[in-house]
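Biologist: I am new to this structure and would like to take a close look at a single part of it. Could you describe how the strands there are paired, and then set that part in its wider context?

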Amino acid sequence: MAQEDSSLLHIGSRGGGGGGGGGEELEESLEEESLEESSLLLEESSSGEESLWDEEEELEEEDDLDDDDDFEDARGGGGDDDDDDRDDFVDYGGRLWNFVTGLGSARAGSRNASLQEAFEPAPPPAPLEHEDLRAELLMRTASDAHARLATRCTTLPETPTKPPPAVSRKRSHPEPAVGAMLRARELGGSPFGANRNSKPAFTASQKTFLGGQRIPNSNPRVVDRFPSRGYCGRFSGDGNLYFAAFQERRIRVYDYRRNYKLTKDIQARNLQWTITDATSSPDSRFLVYTTIAPVAHLVRLEGGGVEGNDNGPVESIQNVTDLHETLEFGVQNNGRTVHHGGVWSIRYLHDGTQLVAGTSDGLAFYDIPSMKASQSVTGVHEDDVNAVAVDGGCGGSSQMIYSGSDDTLIKVWDHRIVGGAPTSTSSVDPFGDGDGMRDEPPKSHCKAVGVLAGHTEGITHIDARGDGRYICSNSKDQTLRIWDLRMMYSSSDHRRREQEEERSIIRTRMNFDYRWMEYPMRGYDIRHPLDCSVKTFRGHSTLQTLIRAYFSPAQSTGHRYLYTGGYDGYVRIFDILSGQVVECLSYHNGLVRDVAWHPTDHVLNSLGWDGRVVTWEHNSDGDSCHQDSEEEEEEEEDEEEEEA
């Protein structure tokens, strides 16, 4: 920095001697002070500011050399040119000296002004802090240097631009995963190169990944249309059969392997309002359906047009052409059934010997070999149990059962505690007349092993992922949630927390009942104070009936997606990782209550209140938005003619 100061002094002396011009008095008074402050500022400035001063010096040295050459040329030429060049040189020196001493002048002027104000009777303003003053001076010095350097550089010739670098042909991003997997398979099965010892085949995880790319998104085809609302539609466990239950006491069974050929048309009787739920046995031989009554009915799926048994009757009328076994969950007296509420949901346990049902009173278990109710768990929820699910984790040996109710809670049960050790039976007289005493199914008041809180309205459906850890639930609060069982509350802990947050919980619940009111919190994000869910999905609507939602199959997609119907007639597929809707399928003219993804193929079926059974397939170029086709227009014309 000493060398820089000496060079500035040398240049300043040249400029001052030649220019004169009114700067002599200011030079004598402020020269030393301005140079000291300039050197101090230069030492405290950043590396970027020092580079500006270095560039300034280089430009000055170049100009000095040019001026010396011009001066020598002028001496050789003589005359008026010599005087003009000398004047230019003097003017340049004066400008440079003014630049060096300008900061000192401004500093001295501000100091003199402050001294004058100090002698006035008014109190002086608060002086700036030392650090603030230094920052201000640094900003001024840097801005002045930038401006003058920009002015000087405009007169310099432009430097030639370098040619653009050659574009590399190397890919900046990895090639698609599908292509890499195909190449690895052709090279011998190893993802890192050829391996002659391995077979050219995909691993299980690679097959799941590839299957997850083939989402049903187009080619909607109407499998069947029945003049009644569809309530339940599911594939059998092996995927060979698909059954759809309608409100008008009908269950139609189709053979998936034979292009949805109708194999059995079940006509149920003694129903109240509708068929609420239906499920198939693990071996796909039997079907159980329920209604709004404490009973269920068991019917065989074999026979009819099922492949290998085409001689059986297709039509199955209850106890007329086919036997429908009645499974009693309630209490009977003199042949009459005491109404304990309806059965809203029913599922087989994995061994196929027991059923678990969600009723208006709680949970009910039925033992099929003995054909009697084995256990009744009452008081488990404060409202109707709308949904039950059985976990298939641990190779199908899991004993976990889940129940969801209109009280907004999901409870977790261990079947070994609830249904494995029934209590003693008790005799009751339901009519109070002393006659017809009958043993009631044993009741249990055991506690749930866990509670999942987070929904603010009633639960409409539950589905287990099958790994013993995660479940999903759909609710009337217009949300779809995923739960981790490792984050659930214990029964005692939930009761304590519920008492602490009682007021907050009451404020979040509106007791929405779609039978007589509209959803009051549409457009609001209501959060439960005890929410323990891990992810929430929105976009669909559950404004009427118990709309269902499921995990996508493990074999074809690895449980990567959630899919559900909706009040608006759309089928939505959510990506669990991103939380976004990846497909929105539209074909139905009304509400879509149930959806079913084939366990092994990339096919999805939807059942709506318009009576249509629609199947969707994957098409890489397909458009999920439905366009009216000629076939649909013809169907609508036929409907109008039938109505006329």
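Modeller: In this predicted model, strand β29, residues 561–564, pairs with β28 in the antiparallel sense, and three bridges hold the pairing. One point of this pairing can be named: Phe 551 has Leu 562 of β29 as its bridge partner. The two strands belong to an open sheet of four strands, whose order is β28-β29-β30-β31 and whose pairing is antiparallel. At its edges stand β28, residues 549–551, and β31, residues 581–586, each of which pairs on one side only. From one strand to the next, the twist averages 15°.

For context, one may turn to another set of paired strands. Strand β7, residues 286–291, and β8 run antiparallel and are joined by five bridges. The connection from β7 to β8 is a hairpin of three residues. Within this pair, Thr 290 finds its bridge partner in Ala 296 of β8. Strand β8 also runs antiparallel to strand β10, residues 325–328, with four bridges between them; there, Glu 325 of β10 is the bridge partner of Leu 298. As for its surroundings, β8 spans residues 295–300 and is mostly covered, with five of its six residues buried.

A residue that touches this region is Val 343, which lies in strand β13, residues 343–348. Val 343 counts as buried because its relative accessibility is 0%, and the cut-off for that term is under 20%. Beyond its neighbours within four places in sequence, Val 343 is in contact with several residues, including Thr 290, Thr 291, Ile 292, Ala 293, Pro 294 and Val 295. Its contacts also include Phe 329, Ala 357, Gly 358 and Thr 359. Thr 276 is another of these contacts: 67 residues separate Thr 276 and Val 343 along the chain, yet their C-alpha atoms are 7.3 Å apart.

Finally, a word on confidence is in order. The protein chain has an average pLDDT of 74, and 57% of the residues score at least 70. Over residues 45–50, pLDDT stays under 50, and the model has six contacts beyond four places in sequence for them. Residues 149–175 likewise stay under 50 in pLDDT, with 14 such contacts beyond four places in sequence. Where pLDDT is low, the predicted coordinates should not be read in detail.

Key:
Residues are numbered from 1 along each chain as its sequence is written. This is a predicted model: local features need pLDDT of at least 70, side-chain atom pairs count only at pLDDT 80 or more; totals for chains, interfaces and linings use all residues. Side-chain values use heavy atoms; hydrogens and water are left out. Two strands pair if DSSP finds at least two bridges between them. Axes are lines fitted to C-alpha atoms, for helices over the stretch in contact, and angles run from 0 to 180 degrees between N-to-C directions. Buried means under 20% relative accessible area, exposed over 50%, partly exposed in between (1.4 Å probe, protein chains only). Contact means heavy atoms within 4.5 Å. pLDDT is the predictor's confidence in each residue, from 0 to 100.
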